[in-house]
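Subject: A structure for you to explore

Hi there,

I'm passing a structure on to you, and I hope you enjoy looking through it. Please open it first, then read my notes below alongside it.

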Amino acid sequence: MTPSARTQAAIELLDQIIAGARDSGAAADTIVARYFATRRYAGSKDRRAVRELVYAAIRALGERPASGRAALLALAKADPELAATFDGVGHGPAVIGPSETPAKTGIAPNWILDRLRQSGLDDSEFPALIDRAPLDARINRVIDEVIEIEGAEPIAGLPNGLRLPSGTQVEQLPAYNHGAIEVQDAGSQFVTLAARAQPGQRIVDLCAGAGGKTLALAAAMGGQGALLATDTDRARLSRLAPRAERARAGIIETRRLNPGREVEMLDDWLGSADCVLIDAPCSGTGTWRRNPEARWRLTPDRIERLVETQRHVLEVGATLVKPGGTLVYIVCSLLDEEGAGQVAAFLAANPGWRAQSLDLGAGRAHGAGTRLTPAHDATDGFLSRDCNTRDSSVVVPKLEYLMRYTSVAVAAALTLLTVATAVQGQRGEDTIDGRSMALLARGRALQAAGNLDAATDTLESALAVDPRNRGAFVTLAEVAKTRGLPGKAIRLYREALSLDPNDVVALSGQGEALVAKGAVARARENLARIKTVCGKRPCPEVAALTASIAKGPPIVTAAAAAPAAAPKKD
């Protein structure tokens with residue numbers, strides 16, 4: 001391609017990117033990839049030159065330009081060589097007319113800059129927001145391999161962080177193909193460290209996307225425990241499985257959620273997670289270095305909708321945290337309304353939760369926490385905050401605003417939280433009432449605290465509100481087993497299975513109760529059903545029920561079979 005033809009190609013690409021930003025279409029990198037997929041005549045040098053020209057224009061223009069030509073005219077004003085390619089020869093663009101108006105250069109639309117200033121960001125930091133981002137990687141210690149990458153340097157404060165030379169072809173490195181490194185921004189790594197993941201924990205990555213943080217959590221857990229990665233976006237979540245396989249992260253389970261039904265679809269995790277990490281959908285103002293055209297997509301209405309979504313996922317995530325557990329909130333935004341404002345609103349609405357400061361080893365104090373910015377920390381944006389609570393602590397990290405929450409380790413405080421954050425939305429044909437889900441979370445907390453009478457009353461109240469609450473039946477059955485009432489447990493599990501015949505937790509629990517009653521043959525039928533439902537995916541219920549069947553029913557001696565008092569009815 002001639003220089004003029006490269007300029008024309010950049011103009012065509014920018015026209016498509018501008019339309020995509022205006023109409024919520026494909027991202028710039030997707031558009032560029034599609035463009036060259038149909039133009040095989042363009043060599044690698046041509047593709048690189050055109051791409052660099054396109055992104056130079058995107059970074060230079062804060063406001064969305066009227067056209068690709070206007071965008072490149074803005075660059076041509078300061079670049080005589082580029083201006084010379086507007087020659088009208090062959091496939092080149094037409095000669096620049098005397099009345100043509102170039103697009104206006106700048107950092108971002110003025111209304112966004114005003115909001116950034118209101119969020120405490122100084123003007124001197126604005127240029128770094130659209131600089132080229134460094135290429136960072138995380139070492140996966142699960143794989144024992146010596147990492148040798150020429151020019152790579154450690155990142156201060158990150159034991160597994162590496163900053164690679166610009167232009168490194170990561171996918172061609174043996175360490176990448178072996179799963180020994182993953183591309184991950186330093187800021188994202190700081191966020192994951194804030195979760196303090198430990199082997200053996202139960203952790204939920206609620207908005208996992210393609211799973212970068214999920215993989216980091218799995219590595220910190222050393223392959224021990226349970227790690228659930230969820231998202232409403234099927235396409236993004238589907239990319240996690242091959243990455244997890246390469247990283248040897250076998251503890252990761254993925255689950256796609258339906259918007260508005262998250263609590264219902266996560267009923268088996270309510271009130272039981274050691275940590276819930278929420279990388280919430282946001283404006284992305286902290287990641288313009290990587291996605292500069294995101295500035296062209298933002299509107300005040302879009303930010304308002306994102307703030308509502310963030311509030312919703314915070315409520316969902318909070319119901320999953322067990323007493324004394326941790327809630328990690330993440331957004332890649334530098335706007336306080338998405339970070340510090342969300343944190344303040346959550347704490348105000350939930351007096352049983354407090355924030356506690358977190359030493360990230362980077363950043364500066366800012367309002368409700370510690371902020372990391374591209375200019376000061378060479379990372380994407382963050383904020384972190386610490387507070388104290390009576391029995392435990394909380395912190396909330398976010399990929400611009402970083403904080404973590406830990407619930408008070410008493411059932412009463414969890415009740416305040418779950419009732420306050422219950423999903424109160426529209427009740428549909430397949431939706432469990434939010435009040436019932438809140439009561440279920442409270443009942444599970446009481447069960448975990450050993451208060452079985454109060455747990456039973458609360459769980460029965462949950463069923464009175466909504467008799468379709470399968471989780472309440474299962475938890476009541478678990479309470480019955482704890483009390484030595486296998487017959488009652490079997491009946492309660494049967495109710496749960498009438499709502500979902502494929503509930504492997506209910507099938508396993510009922511099977512164990514059947515064994516306790518001596519009905520081993522029926523327990524084997526449950527085991528066969530679990531194996532059919534689980535297929536090839538790992539299913540801990542198979543091992544649990546298999547062990548129970550192998551152990552067999554309890555041995556009853558003649559003396560024990562004839563108690564002095566009348567037996568208690570099951």
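One term before we start: a residue is called buried when its relative accessible area is under 20%. Please also keep in mind that this is a predicted model.

With that cut-off, how does strand 6 come out? This strand, residues 226–231, is mostly covered, with five of its six residues buried. For the chain as a whole, buried residues account for 52% of the 570 residues.

Now look at what lies on either side of strand 6 in the pairing. Strand 5 (residues 202–205) pairs with strand 6 in the parallel sense, over four bridges. To find one of these contacts on your screen, start from Arg202, whose bridge partner in strand 6 is Ala226. Strand 6 also pairs with strand 7 (residues 252–256), again in the parallel sense, over five bridges. Here you can start from Ala229, whose bridge partner in strand 7 is Thr254.

Which helix belongs with strands 5 and 6 in a β-α-β unit? It is helix 9, residues 212–220, and the unit is right-handed.

Finally, zoom out to the chain. Its secondary structure adds up to 24 helices and 15 strands. Of the contacts between residues at least 6 apart in sequence, 68% join residues at least 24 apart. The chain exposes about 25,600 Å², and 51% of that is supplied by carbon and sulfur atoms.

Write back with any questions, and have fun with it!

Best wishes

Key
Residues numbered from 1 in each chain as written. Predicted model: local features only at pLDDT ≥ 70, side-chain atom pairs only at ≥ 80, totals over all residues. Heavy atoms only, no water. Helix = DSSP H or I, 4+ residues; strand = E, 2+ residues; numbered from the N terminus. Buried < 20%, exposed > 50% of the residue type's maximum accessible area, 1.4 Å probe, protein only. Contact = heavy atoms within 4.5 Å. Areas by Shrake-Rupley, 256 points an atom, 1.4 Å probe, with all protein chains shown as cover. Pairing = 2+ DSSP bridges. Right-handed = clockwise from strand over helix to strand, strands pointing away.
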